[in-house]
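User: I am new to this model and would like to learn how to read its features. Please take me through them step by step.

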Amino acid sequence: REYIYPQEKLPYLAKIVVANTKYFLSGTSIFRWNAKPDGNRYTLTLLYNDSANRIGFNHGTNDGQGNLVTVSDKLVVSNGDKIFSAPLNYMADQVTVDTRNRFWVTTRSNKLFVYELSGEGEQKKLSLLRSYNNVIKGSPRSIVVDNTGNIWVGTRDQGLYCLNMKELDILFIGHLSTVNGLSENFVKYLFCDRDNNIWACTPSGLDKIRVSDANFHIENITKSNNLFLPILKIQQAKNGLLWILSTAGIITYDPLQPEMIEWKPQLAFSKVAISNAGNKPIPVDHELRYFQNNLVFQLSAPTYIDEKQTRFSYLLIGSGTETWSAPSADGSINFVNLSPGAYTLKAKATFLHGRYPDALASYSFTVLPPWWQTWWFKLSLCLLVIGLAFLGLRYYINRKLELQRLMLEKKRAVEQERTRIATDMHDDLGAGLSRIRFLSEAIGMKKQQHLPIEEEISSIRTYSHEMIDKMGEIVWALNEKNDTLSDLLSYTRSYAVEYLEQNGIYCDVEVPEELPEYTVNGEFRRNIYLTIKESLHNIVKHAQATNVTIHIWITDWLNIQIRDNGKGISDISANTYGNGLANMRMRITTLNGHLEMVNDNGTQINIRVPLNI
């Protein structure tokens, strides 16, 4: 039927709300539909107009006492001819009434209000019980309270929230989004039917949410019926039939579902392959090489009823993870770089509409370790380590024995050096002291006979100087501070210059300005020094020379050239120098060196001794 408002056209499309009477909500005005019809004509009485309201009344409902409750940027309650209002300071899209007749409103600014109409007669007033800031995020668009007292809030982009109230404290129950099966996270309108099911209207369709055993079950009503329409509102008639307003018209839906048969969907692994081997199927024995560790599993659980509401999750036993993966609509599972070991993949299919119980399946497989992680390789490695340890211990013992041998040899060398020093002191110093003793006795006898003693005194002086020089040489050879090549050459040069000058022979010693840092032992210093000393002694005694040149240079060898301008040696093989030359050769040979003597306008002695001894 068509009803005509006789006075003038309404400025906006009207919303009809039935409370203690029928109301029209049109723009910023609230009209009462008069009870007495006049044919096809009804009269409207303006009850309330908010000229400052630029939004208009978006939604209206009736409370348990027959009062009209509507919202815009304020809450307005009509109790017959009396109007109560309270500012919300921001736009609200829907209002709901709980079982205690309290009014719940949420605004797009993320605020939640709870009001109560209290008092009687003229004392009746609209009171704010409490307001909450940022309990809900995502710009709320819809709100409804179910029969158990749960508060459901739909948002612009965060899905659906379920809250509860203990006294005046808000408790968080759950949060639903597209991850849990909602058609879309934009929930424009909410409705609670007589069976306590929550219906969510979204731009992508209509969803049915029910709570069972503290679990949320979501069923996409329009999508499961191949309807892809934005849903605006929904209401339920007395006979239980649901009337759904969409952008394409009105849809009716009978919420009574036929009874389910005993058939249950089965979860199966429809595909099991090695992704890094060209999707090659897993071997029959389920044993994989260590490099075949990138796997793909495809799950399937046919239900033939709204299969988009099926969610898959998995748990890989053996990976160290004990929690199931987040439910996903994708039935594909990928594993990359699995470590060697035994695994069991447990999979689960959950049906968000709650018509079927969860379906479970499992798949066991093994990734074999590489050869360097096998027991036989580890055993071989242990044997190798033990062998190396044994060889190391043997080397350590041999090295220790070698060090002990070297220490014994060093000790023996020290003993030999002590013996040599004692021998030198006995031979050189003892002979000198014996001569001095004999000369002293001769002086005593000559004094008794009144004979001259100057010759004996001169001889004692000479022998004393010789003994002092020999004692200095012995001390120099023993002092470890002189165990460098530079000390040896400095001492030898000083002796050569001084000794030859004392005998009237000019001496020129050529030594490198920078000498390498070589350490030489006492035996080396003593043999080199005594060889040069013997050579100079022979020059003074036999060569009749006036000039001696000593040239020293260093390579890996110590090279010493002693050249004089004397008469030379007529026949070197005749051993003119007696035992002196033999002693010189013996000393140089002891040092693994070479000594040669050449006649060339005088005598030239070449000495070469290695420095790496």
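The turns below deal with a pocket and then with two backbone angles.

Analyst: This is a predicted model, where local features need pLDDT of at least 70, side-chain atom pairs count only at pLDDT 80 or more, and totals for chains, interfaces and linings use all residues. Residues are numbered from 1 along each chain as its sequence is written, and side-chain values use heavy atoms, without hydrogens and water.

User: What volume does the largest pocket have, and how many residues line it?

Analyst: On a 1 Å grid over the protein atoms alone, a pocket is an open set of points where a 1.4 Å probe fits, with protein on both sides within 12 Å along at least five of seven lines; lining residues have an atom within 4 Å of a point. Points are joined across faces, edges and corners, and the volume is the space filled by probe spheres set on them. Here the largest pocket has a volume of about 1,500 Å³. Its lining has 42 residues, with His59, Gly60, Tyr189, Ile234 and Gln235 nearest the centre.

User: Where does asparagine 134 sit, and is it buried or exposed?

Analyst: Strands are DSSP runs of E, at least two residues, numbered from the N terminus. Asparagine 134 lies in the loop between strand S12 (125-133) and S13. Buried means under 20% relative accessible area, exposed over 50%, partly exposed in between (1.4 Å probe, protein chains only). At 48%, asparagine 134 is partly exposed. Its phi is positive, about 60°, although it is not a glycine.

User: What is the phi of asparagine 337?

Analyst: Asparagine 337 has a positive phi of about 55°, again without being a glycine. The loop between strand S29 (332-335) and strand S30 (341-351) holds asparagine 337, which is exposed at 56% relative accessible area.

Key: Helices (H or I, at least four residues) and strands (E, at least two) are DSSP runs, numbered from the N terminus.
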